[in-house]
Amino acid sequence: MNKRLLLLLLIFMCFSVLLLASDSTKVSPLVFVMKLDADIDPRTNRYTELALEEAVNRKADFVIIEMDTYGGALNDADDIRTRVLEFEKPIYVYINKDAASAGALISIACDSIYMAKGASIGAATVVTQDGAAAPDKYQSYMRSIMRSTAEANGRDPKIAEAMVDQDVEVDSISTEGKVITFSTSEAIKHGFCEAQVSGIEEIMSRSGVDDFVTYEFELSGAEKIINIFINPFVSGILILVILGGIYFELQTPGVGFPILASLIALILYFTPYYLNGLAENWEIIIFFLGVVLLVLEIFVIPGFGVAGVSGITLMVTSLILVMLNNDYFDFSFVPSGHLTTAVLVTFLGLIGSFIVMFIGGVRLTESGLFKRIALETTLDKSSGYTSNFKKDSLLGKTGVAYTILRPSGKVEIENEIYDAYTRGSYIDKGAKIEVIGEEGTSLKVKEVS
């Protein structure tokens, strides 16, 4: 009898251990939380892309979007809507204050909508930068995607349309001339909200999940640094370095560090805007096209005319457009404040580069760093050096400009070619010149009529 009891006790203990082991290996569901609490624009577009990628990597069981936005760019909202609809795991939205316009579209794309007390959803009319209703082609597109999104999640498509178009009437819900905006209780009544809740815990409890782990998504350090470089003040400094570096390299070719500084600034300027969806390929291309035209103007095409002006214009235009979410020069949905800021930042950077060119350039050439990397000494006669490139003095001799002098180049005197430079003036190829000085192996010349 004792043996039987001992055996039963042993079996019971084994089962207990197995049950405890199974409980200890049980993994709680992961609830992935992301926030949309700013204007819907290329930055929030990229934020949601990175967030949902991270949710997949972490094998999240649920995704909750905490929503508080008055809307934003339609194209970016459409990108976010598509990602939400295609996401394999359930996505819930928690509207803790507002989900207007583009925010309403993204909310309707979610599997379930929850709202806080006093929150609202709707008012999805597309407006231009001055607050006026956008042309009908934009309204029509917004109506169609609102309707199709509502249908995809079993919500009334006509109500979704009425959130966009004031001419769409829904019996006992909306009147002509007003778009629909639901309060929390109204949204619950008409199927655009599952329940009023006070937080994520209540959302998950209503979904039958009481034991869960929460992960709140934040941008990585690299992404935060990228956002710093989108700051208008930083962009202005980068523009100054870009233009100033190009100028100094063209004035002192071969030195190296001005163009290196310009290239680094160029990468730091374009990359953040490109990653955030603001800089398009064609906008970057026209900048480099402007650089090519400027180089051609300086080294190939005589004078300062169409190519030079066009080059500078293309470069400045590119720097402005990169900061704006325009659609091939269509600024209908670019806020006027953004447009003003972009133009102001670019031109302040341009003015700053001119100041550096004409004032800082002198100090740069006198700095210890410049003297260490640039050859400043001349082998002139007063220092005991003599040159054997010519037998007799050429002072007072006349000839022609063998190349363009701006201000240095080559001249031809008595069928011989010499290095020459001017006092800062421009002399075209073939113009008649006179030697007014001899410095080392170069001749100082001026143009004569």
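**Notes on the predicted model: helix packing, a strand barrel and two loop residues**

1. Lys59 lies in the loop that links α2 (42–57) to β2 (62–69). The model is a predicted one, and in it the phi of Lys59 is near 55°, a positive value in a residue other than glycine. Is Lys59 buried or exposed? With a relative accessibility of 68%, Lys59 counts as exposed.

2. A second residue with this kind of backbone angle is Ser101, which is not a glycine and yet has a positive phi of about 50°. Ser101 sits in the loop between β3 (91–100) and α4. Its relative accessibility is 14%, and the cut-off for a buried residue is under 20%, so Ser101 counts as buried. The two loop residues thus fall into opposite classes, Lys59 being exposed and Ser101 buried.

3. Some totals for the chain as background. The chain holds 15 helices and 13 strands. Of its 449 residues, 41% are buried. Among contacts with a separation of 6 or more, 61% are between residues 24 or more positions apart.

4. Helix α4 (residues 102–109) follows the loop that holds Ser101. How many of the residues of α4 are buried? Eight of its eight residues are, and the helix is mostly covered. They are Ala102, Gly103, Ala104, Leu105, Ile106, Ser107, Ile108 and Ala109.

5. Helix α4 packs with helix α5 (residues 136–152); their axes come within 8 Å and cross at roughly 25°. Angles under 35 degrees count as roughly parallel, and α4 and α5 are therefore roughly parallel to each other. The crossing of α4 past α5 is left-handed. On the α4 side the contact is made by Leu105, Ile108 and Ala109, and on the α5 side by Met142, Ile145, Met146, Thr149 and Ala150. By class, this contact has seven nonpolar residues, one polar residue and no charged ones. Leu105, Ile108 and Ala109 also appear among the buried residues of α4.

6. A point on the spacing of such contact residues. An α-helix has 3.6 residues a turn, so residues three or four places apart point the same way. In α4 the contact with α5 uses Leu105, Ile108 and Ala109. The α5 residues in that contact include Met142, Ile145, Met146 and Thr149.

7. Helix α5 also packs with helix α3 (residues 74–86), at an angle of about 15° and with the axes 12 Å apart. Why are these two helices called roughly parallel? Their angle is about 15°, and the class takes in angles under 35 degrees, so α3 and α5 are roughly parallel to each other. Here too the crossing is left-handed. Leu74, Asp78, Arg81 and Leu85 of α3 meet Tyr138, Tyr141, Met142, Ile145, Ser148, Thr149 and Ala152 of α5. The residues of this contact divide into seven nonpolar, two polar and two charged.

8. Helix α5 therefore has a part in both contacts, and Met142, Ile145 and Thr149 are named on its side for α4 as well as for α3. The contact with α4 has no charged residues, whereas the contact with α3 has two.

9. One further residue of α5 deserves a look: Arg143. Which residues does Arg143 touch, leaving aside its neighbours within four places in sequence? They are Asp136, Glu161, Val164 and Asp165. At 14% relative accessibility Arg143 is under the 20% cut-off and therefore counts as buried.

10. Towards the end of the chain, five strands form a closed barrel in the order β9-β10-β11-β13-β12, with mixed pairing. From one strand to the next the twist averages 55°. Strands of a sheet pair through backbone hydrogen bonds, either parallel or antiparallel.

11. Strand β13 (residues 442–447) shows the mixed pairing on its two partners. With β11 (residues 416–421) it runs parallel, joined by three bridges. In that pair Ala420 stands opposite Leu443, and Tyr421 stands opposite Lys444. With β12 (residues 432–439) the sense is antiparallel, over six bridges. There Val435 stands opposite Val445.

How values were computed
Residues numbered from 1 in each chain as written. Predicted model: local features only at pLDDT ≥ 70, side-chain atom pairs only at ≥ 80, totals over all residues. Heavy atoms only, no water. Axes fitted to C-alpha atoms, helices over the stretch in contact; angles between N-to-C directions. Helix = DSSP H or I, 4+ residues; strand = E, 2+ residues; numbered from the N terminus. Parallel < 35°, antiparallel > 145°, perpendicular 65-115°, else oblique. Left-handed = near helix turned anticlockwise from the far one by under 90°. Contact = heavy atoms within 4.5 Å. Nonpolar A, V, L, I, M, F, W, Y, C, P; charged D, E, K, R; others polar. Pairing = 2+ DSSP bridges. Buried < 20%, exposed > 50% of the residue type's maximum accessible area, 1.4 Å probe, protein only.
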